[in-house]
Amino acid sequence: MYCPYCRATNEDDDHRCHRCGRRLKSSARGPITDPHPPLRSATAPALHTENGSAAPAAEPRLHVVPRPAVAPAPANPRGPAIQPSLFGPQEVPRTAAAPVRREPPRPAPRPKRERIEQPKLDFMADGAHTKSSVDAAIYCNAPVAPPSFRAVAAIIDTAIGLLGVAAFLATFHYSGQTIELTKQTLPVYGAAALLICVFYRLLFCLGNGDTAGLRCANLCVVNFDGHRPTRRQRLYRLAGAVVGVVAAGMGLLWAIFDEERLTWHDHISKTFPTVADTQA
């Protein structure tokens with residue numbers, strides 16, 4: 001026997017349900033044996049048919065919520081991509097605007113200072129300037145010795161050199177040799193005389209001093225700066241004098257046409273003879 005309230009199974013002789021405690025038998029009707037009696041209620045009258053059988057329950061219909069329409073893609077494919085807003089018609093671009101780079105203010109330019117130019121110092125003495133536009137070579141105040149003084153010094157030095165040649169020939173003669181001036185021996189004697197004169201001047205160059213002819217003419221040799229020449233400058237002066245004499249005396253005659261009355265060996269060695277009193 002089934003309980004019409006809780007559908008619990010009971011014995012046939014039971015009067016009350018052992019689960020809910022309600023009565024199982026009715027005075028009008030006998031015991032309820034149908035396990036699934038038809039349900040009758042005011043809220044579901046359509047579930048009962050004429051013959052008392054229950055009609056099959058209709059399947060519940062699902063309420064379909066329409067999906068929101070998607071905004072169409074922009075017509076310009078090169079424009080920024082825009083995502084539709086979920087809370088309204090606002091459009092928010094995906095890409096953020098590039099930050100504006102501010103350049104630091106440039107400092108005001110400093111005022112230019114006027115350069116005070118120092119006047120050039122004139123190291124050239126009054127005697128070092130020439131009458132022509134050619135720059136002077138001598139930078140000191142010492143004047144160049146007059147040609148007459150130089151000629152006296154050259155004659156004295158040449159005479160001393162010739163005395164050396166005479167001593168050489170006398171020694172050669174008293175040694176039992178015969179001196180013959182021929183075409184074959186004349187160049188030999190001339191070269192020997194030139195070497196003796198050069199050797200005489202070479203001794204004073206190595207000693208870094210003036211020759212006897214210069215001292216007798218009261219002259220001394222100085223460089224273009226007014227100082228005593230070095231040993232190398234004296235050697236250059238001797239070599240230039242030999243070149244000027246061998247070139248038919250053109251090196252010596254150059255002093256006539258030179259603005260400062262300098263010869264070849266004066267320009268080569270950058271030295272010149274001057275009066276000793278002026279130099280002192």
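The buried residues of α1 pack against a varied set of elements, namely α2, α3 (212–216), β3 (219–223), α4, α6 (264–269) and β4 (271–275). In this predicted model, those buried residues of α1 are Arg150, Ala153, Asp157, Gly161 and Val165. The length of α1 can be checked against its residue count: at 1.5 Å a residue, its 28 residues should span 40 Å, and because the C-alpha atoms at its ends are 40 Å apart, the expected and modelled values agree. Just after α1, Gly176 adopts a positive phi of about 100°.

The helix α1 also takes part in the largest pocket, which has a volume of about 1000 Å³. Of the 35 residues that line this pocket, Ala154, Arg201, Ala241, Leu252 and His265 are the closest to its centre. Two or more lining residues come from each of α1 (147–174), α2 (186–206), α4 (231–246) and α5 (250–257), and it is α1 that gives the most, with eight residues. In chemical character, the lining of the largest pocket divides into 22 nonpolar residues, six polar ones and seven charged ones.

From the pocket we can turn to the nonpolar cores. The largest of them has nine residues, which are Ile138, Cys140, Ala142, Val144, Cys220, Val222, Phe224, Leu262 and Phe272. A second core, separate from that one, has six residues, among them Ala145, Ala153, Leu219 and Val221. Ala153 thereby links two parts of this description, since it is listed among the buried residues of α1 and is also included in the second core.

Two loops remain to be considered, each with a residue whose backbone angle deserves a look. In the loop between α2 and α3, Asn208 has a phi near 55°, a positive value in a residue other than glycine. Asn208 counts as partly exposed because its relative accessibility is 30%, which falls between the limits of 20% for buried and 50% for exposed. In the loop between α4 and α5, Ala248 likewise has a positive phi, of about 60°, although it is not a glycine. Is Ala248 buried or exposed? With a relative accessible area of 68%, Ala248 is exposed, because the cut-off for that class is over 50%.

Technical notes:
Residues numbered from 1 in each chain as written. Predicted model: local features only at pLDDT ≥ 70, side-chain atom pairs only at ≥ 80, totals over all residues. Heavy atoms only, no water. 1 Å grid on protein atoms, 1.4 Å probe; cavity = no way out; pocket = protein on both sides within 12 Å on 5 of 7 lines; lining within 4 Å. Points joined across faces, edges and corners; volume = space filled by probe spheres on them. Helix = DSSP H or I, 4+ residues; strand = E, 2+ residues; numbered from the N terminus. Nonpolar A, V, L, I, M, F, W, Y, C, P; charged D, E, K, R; others polar. Core = buried A, V, L, I, M, F, W, Y, C linked by side-chain atoms within 4.5 Å. Buried < 20%, exposed > 50% of the residue type's maximum accessible area, 1.4 Å probe, protein only. Expected span 1.5 Å × (residues − 1). Contact = heavy atoms within 4.5 Å.
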